[in-house]
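Biologist: Could we go through this model together? I have a few short questions about its contacts and its backbone.

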Amino acid sequence: MKKLLHLELIKNLSYTNFWVIAGLWALLYVLIMIIICMINIGLPGIESKPYLQFPQVWSMGTWIASFFNLLLGIIMIVSVSNEFAFKTFRSQMICGLTRNQLIAGKGLFTILLAVFSMVIVFLVSLVIGIIYTNFGSETSIFEKSYLLLVYFIQAIAYMAMGLFIAVIIRNAALSILTFILYFFPMEFILRSFLPETVQQFFPVKIISNLTPSPDIFQLSASPQMVTNINGQISEGAPPVADLPLNIILIVSIAYIVIFYAASVMIIRKRNL
Amino acid sequence: MYCKIAPWSDSTIHKIQINNKVNAVLEINNLKKNYGKICAVDDLSLRIEEGNVYGILGPNGSGKTTTLSIIMDIIRADQGSFSWFGQVSSVEIKRKIGALIEVPYFYPYLSAEKNLRIIAEIKNVALSNIDRVLQLTHLSERKHTRFDAYSLGMKQRLALAAAMLGDPQVLVLDEPTNGLDPEGIAEVRQIIKIEAAKGKTVILASHILDEVEKVCTHVAVLKKGKLIASGKVKELLDSGEKIIVSATDSDHLQKILSGARFINNIERNNNDFILVLDAPYTAVDINRFTHENGIVLSKLLTQQKSLESQFLELVKQ
Ligand SMILES: Nc1ncnc2c1ncn2[C@@H]1O[C@H](COP(=O)(O)OP(=O)(O)OP(=O)(O)O)[C@@H](O)[C@H]1O
Ligand SMILES: [Mg+2]
């Protein structure tokens with residue numbers, strides 16, 4: 001375990017592109033959060049910013065972070081496709097790693113990356129919360145902080161999907177293209193042919209619903225809009241009620257397991 | 001005194017039995033691999049024993065790399081089986097084997113040292129070993145250079161260094177001198193010889209006959225995936241001297257020649273006889289032998305075939 005993780009660290013931490021993407025992730029996230037803090041300052045009408053206060057800030061922080069999960073998925077894609085491109089999976093097999101261990105190493109690295117991004121989201125949200133909350137007697141700082149854990153699962157799910165695509169396609173550029181296209185038009189197109197009850201269980205739908213938009217945005221731009229567009233646009237609640245969070249969580253974890261199991265199966269079957 | 005003998009003799013019997021099996025470092029049975037219509041490896045069986053320096057010789061595309069890839073588990077065979085040390089291949093066994101298959105594969109953006117560190121960790125080898133193999137391959141001075149900034153020959157040396165990490169019992173080398181300068185080639189051969197002298201088993205794939213002849217004890221010749229000859233290098237490649245004799249009475253000569261014990265093979269070509277002699281005998285012995293038997297030779301020629309032509313002949317069959 002420790003060995004596999006250490007190997008991943010040697011490989012990735014000396015890789016410039018890894019730092020570029022990871023740095024981009026952190027930079028963009030922090031910048032967007034700062035902008036969100038500033039945007040409403042000039043707006044009259046909304047005197048306070050409830051979504052920047054505890055406990056709402058956890059929802060806001062994780063929701064914004066979820067937009068950048070694609071970058072985490074791309075880090076994983078690049079890392080896996082490099083192993084194919086450099087044929088280093090092959091040389092590591094020759095030295096005595098098993099095919100399972102090749103994937104396990106990526107899994108451990110995924111967990112590590114998810115922990116780091118969760119910590120960053122935690123710190124940024126915490127600082128913003130402290131700045132914007134007017135602490136009263138019944139302020140509950142950590143009420144919604146379980147969302148951090150949900151975000152953690154989501155980050156892993158994105159990376160698991162990235163790994164799965166990279167293991168199938170084996171080429172960084174094509175994998176990234178497939179990943180992004182699947183996220184935006186492809187799954188949406190697939191979904192629209194199916195009844196709504198089935199639609200809800202598609203991977204991207206499930207995984208992105210892990211971190212729903214904070215209440216304040218429900219009327220404006222939000223991922224929920226996408227859902228509404230493909231069916232009838234109704235004024236009230238969507239025709240099929242959103243799945244409860246615990247179901248979404250369970251299905252997401254099931255997807256993670258499926259992505260890993262499928263990747264292991266493919267790696268075992270193919271020549272390296 | 002007597003008490004000691006019983007258990008002692010017991011254990012020797014035991015050892016002998018085990019040795020019979022353990023001696024086979026690698027056993028390949030009826031291996032087969034197809035790529036579409038192309039048969040890359042065709043019903044190949046080999047037995048490589050401890051301490052052998054075993055050459056796998058064959059022209060380009062004869063299936064050497066495919067065979068080595070199968071025994072290192074990176075390509076799945078369609079049929080057949082192989083065993084290392086009498087066991088099914090496993091992670092533990094792999095760590096006893098240092099392999100260099102075809103082109104060296106490393107992380108291009110990592111230094112030579114970091115690349116070796118990855119391999120050392122996989123093999124559970126002490127990091128101090130890295131300096132040893134870098135020195136052995138004369139790369140110490142450039143160990144902090146990125147792999148992609150290495151020259152072809154340096155890359156090949158690094159691959160050899162990686163194969164030797166942890167002082168493995170078996171070296172599997174696929175054209176290890178590929179891309180090296182003459183000095184490098186000599187060094188690599190020297191390294192192989194030193195390892196062999198330590199009792200290591202070396203499996204060496206090559207299309208260069210000269211290389212196999214210089215460093216190997218045993219050889220298997222492949223052609224289009226098929227094994228066409230195998231055995232000790234000396235026996236297989238050194239039996240090249242042919243002697244051509246003729247006399248006025250060919251039939252009499254034939255009778256006499258067939259009575260000579262030291263003649264391995266007789267071939268008649270009209271009035272000429274083409275002979276292959278056993279090891280220490282030469283044309284002098286033939287001349288003396290026929291003379292003693294009352295025949296005067298009208299022709300006595302020795303023909304030393306070049307190894308190259310022998311190899312080509314083997315492959316042509
Ligand atoms: N991945 C592959 N896909 C299709 N055919 C392949 C593949 N790898 C090898 N072959 C074919 O299998 C045969 C044996 O190839 P192999 O690489 O084992 O030869 P080799 O003896 O190592 O040759 P060389 O001396 O050129 O290295 C060749 O005909 C080759 O074209
Ligand atoms: Mg080859």
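Biologist: How many salt bridges does a search of the whole structure find over all chains?
Modeller: The search returns 25 salt bridges over all chains. Please keep in mind that this is a predicted model.

Biologist: Which side chains meet in a salt bridge in helix α1 of chain A?
Modeller: A:Glu8 and A:Lys11 do, with an N to O distance of 3.0 Å. Both residues belong to helix α1 of chain A, which covers residues 2-13. They are three residues apart, about one turn of the helix. In general, side chains of opposite charge can pair when their charged atoms come close.

Biologist: And how many salt bridges does the rule find across the interface of chain B and chain A?
Modeller: The rule finds zero salt bridges across that interface. It does find 11 residue pairs in polar contact there, with both residues at pLDDT 80 or more.

Biologist: Which elements of chain B give two or more residues to the side that touches chain A?
Modeller: Those elements are α3 (91-95) and α4 (112-122) of chain B. The most comes from α4(B), which gives six residues. By residue class, the side of chain B that touches chain A holds 15 nonpolar, two polar and 10 charged residues.

Biologist: What area is buried between the two chains, and how many residues does each chain bring to the contact?
Modeller: About 2600 Å² is buried between chain B and chain A, and carbon and sulfur atoms give 61% of that area. Chain B brings 27 residues to the contact and chain A brings 24. Within chain B, the residues B:Ile74, B:Tyr105 and B:Ile122 supply 27% of the area that this chain buries against chain A, more than any other three residues.

Biologist: Changing topic to the ligand: which residues surround ligand 1?
Modeller: The surrounding residues are from chain B, and among them are B:Tyr35, B:Ile38, B:Pro59, B:Asn60, B:Lys64 and B:Glu175. The shell around ligand 1 divides into four nonpolar, six polar and two charged residues.

Biologist: Which polar atoms of B:Gly61, B:Thr65 and B:Thr66 lie by an oxygen atom of ligand 1?
Modeller: For B:Gly61, a backbone N or O atom lies 2.8 Å from a ligand oxygen atom. For B:Thr65, an N or O atom of the side chain is 2.5 Å from an oxygen atom of ligand 1. For B:Thr66, a polar side-chain atom is 2.5 Å from an oxygen atom of the ligand.

Biologist: How much of ligand 1 does the protein bury?
Modeller: Taken alone, ligand 1 exposes 630 Å², and the protein buries 63% of that. The elements that give two or more residues to the shell are β2 (38-49) and α2 (64-71) of chain B. The largest share, three residues, comes from α2(B).

Biologist: Finally, the backbone. Where is A:Pro55, and what is the peptide bond from A:Phe54, cis or trans?
Modeller: That bond is cis, with omega near -5 degrees. A:Pro55 sits in the loop between α2 (16-39) and α3 (56-67) of chain A.

Biologist: What about phi of B:Asn124, positive or negative?
Modeller: Phi of B:Asn124 is positive, near 55 degrees, in a residue other than glycine. B:Asn124 is in the loop between α4 and α5 (128-136) of chain B. For context, most residues other than glycine have a negative phi, and most peptide bonds are trans.

Key:
Residues numbered from 1 in each chain as written. Chains lettered and ligands numbered in written order. Predicted model: local features only at pLDDT ≥ 70, side-chain atom pairs only at ≥ 80, totals over all residues. Heavy atoms only, no water. Contact = heavy atoms within 4.5 Å. Buried area = accessible area lost by both parts, 1.4 Å probe. Salt bridge = Lys/Arg side-chain N within 4 Å of Asp/Glu carboxyl O. Polar contact = N/O pair within 3.5 Å; in protein donor to acceptor, adjacent residues only side chain to side chain. Helix = DSSP H or I, 4+ residues; strand = E, 2+ residues; numbered from the N terminus. Nonpolar A, V, L, I, M, F, W, Y, C, P; charged D, E, K, R; others polar. Near = heavy atom within 4 Å. Areas by Shrake-Rupley, 256 points an atom, 1.4 Å probe, with all protein chains shown as cover.
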